[in-house]
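Here are some notes to read alongside the coordinates. They are set out as numbered points, one topic to each.

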Amino acid sequence: KKETAIQKVSRFMDAEIVKSRFAEVLGGKSSGAYIASVIVAVKENEALMNCHPESIYTSALRAATLRLSVDPATGQAYLVPFSGRATLIVGYKGLYDMAIRTGKYRYINVGPIYEGQTVEENPITGFHSISGSPTAEAKMNKKIIGWIGAFEMNPARGQTTGFGKTFYMTV
């Protein structure tokens, strides 16, 4: 009986050397659960099932070293097939998580701007401000006209404020 693609990947990931490497990288914590999430990611993508198991392992191990999940439901990191090999792509939620873990940011946020709201940029500071209220219809129908992002870093030693930036982009 011929082994299916997912069985081949599962068998590879079930090897003791693979399990021990994940345990080492994750500090012994939940390596079995992490490997299970890798299998879930592979099962949800037919092209990924046909990738070389070694490339799936290597990409998943890279994600584990960054403390990012490859479970597609988390949006932190993705195993993406390219020419029969899995490649790690870090998602925006993963970038956000890594940035917050540094402890250098006071806040990081991104949010929608609805019809009825106006975004203005201060020409001196470059910071954006939002005025107006979204109409009930705009929020209900999700009439998004743009997105605004902002961050501020925690102040460095001896400083009273940290560097901050806002960014606005229309749809």
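1. Helices (H or I, at least four residues) and strands (E, at least two) are taken here as DSSP runs, numbered from the N terminus. The model is a predicted one. On that numbering, strand 2 covers residues 85-90 and contains I89.

2. Surface patch. I89 joins Y78 and F82 in a nonpolar patch on the surface, with an area of about 270 Å². The relative accessible area of I89 is 38%, so I89 is classed as partly exposed.

3. Helix 3 and its length. Helix 3 has 13 residues, which at 1.5 Å a residue should span 18 Å. The C-alpha atoms at its ends are 18 Å apart, so the expected and computed spans agree.

4. The buried side of helix 3. Which residues of helix 3 are buried? They are S31, Y34, I35, S37, V38, I39, A41 and V42. The cover over these buried residues includes helix 1 (5-13), helix 2, helix 4 (46-49), helix 5 and strand 1 (77-82).

5. S31. This residue belongs to helix 3, which runs over residues 31-43. S31 has a relative accessible area of 14%, and because buried means under 20%, S31 counts as buried. With neighbours within four places in sequence left aside, the contacts of S31 are K19, F22, A23 and L26.

6. Aromatic pairs. How many aromatic pairs does the structure hold? There are five. One of them is F22 with Y57, an edge-to-face pair with 5.9 Å from centre to centre and 75° between the planes. This pair links distant parts of the chain, since F22 sits in helix 2 (residues 16-25) and Y57 in helix 5 (residues 53-65), 35 residues apart. Both F22 and Y57 are buried.

7. A second ring pair. F151 and F163 have ring centres 5.8 Å apart and planes at 55°, so this pair is tilted. F151 lies in strand 6 (residues 144-153), while F163 is in the loop between strand 6 and strand 7 (164-170). The pair therefore ties together parts that are twelve residues apart in sequence. F151 is partly exposed, at a relative accessible area of 24%, whereas F163 is exposed, at 53% relative accessibility.

8. Aromatic cluster. Ring pairs also join F12, F22, Y34 and Y57 into a cluster. Two members have come up already: F22 touches S31, and Y34 is one of the buried residues of helix 3.

9. Salt bridges, general. Side chains of opposite charge can pair when their charged atoms come close. Over the whole structure, the search finds five salt bridges.

10. Salt bridge in helix 2. E24 and R21 form a salt bridge in which the closest N and O atoms are 2.6 Å apart. They are three residues apart in helix 2, so about one helical turn separates them. E24 is exposed, at 57% relative accessibility, and R21 is partly exposed, with a relative accessible area of 32%.

11. Salt bridge in helix 6. The side chains of D97 and R101 meet in a salt bridge at 2.8 Å, N to O. D97 and R101 are four residues apart in helix 6 (residues 92-101), so they too are separated by about one helical turn. Both count as partly exposed: D97 has a relative accessibility of 23%, and R101 has one of 42%.

12. A salt-bridge network. Salt bridges with shared partners join D14, E16 and K19 into one network. Between K19 and D14, the closest N and O atoms are 3.1 Å apart. K19, which is also in contact with S31, is partly exposed at 29% relative accessibility. D14 is partly exposed as well, at 48% relative accessibility.

13. T58. Is T58 buried or exposed, or partly exposed? With a relative accessible area of 34%, T58 is partly exposed, and its place is in helix 5. The C-alpha atoms of T58 and I100 are separated by 25 Å, and these two residues are 42 residues apart along the chain.

Technical notes. Residues numbered from 1 in each chain as written. Predicted model: local features only at pLDDT ≥ 70, side-chain atom pairs only at ≥ 80, totals over all residues. Heavy atoms only, no water. Patch = residues over 30% accessible without salt bridge, like charges linked within 9 Å, V, L, I, M, F, W, Y side chains within 5 Å. Areas by Shrake-Rupley, 256 points an atom, 1.4 Å probe, with all protein chains shown as cover. Salt bridge = Lys/Arg side-chain N within 4 Å of Asp/Glu carboxyl O. Buried < 20%, exposed > 50% of the residue type's maximum accessible area, 1.4 Å probe, protein only. Contact = heavy atoms within 4.5 Å. Phe/Tyr/Trp six-rings, centres within 6.5 Å; stacked < 30°, edge-to-face > 60°. Expected span 1.5 Å × (residues − 1).
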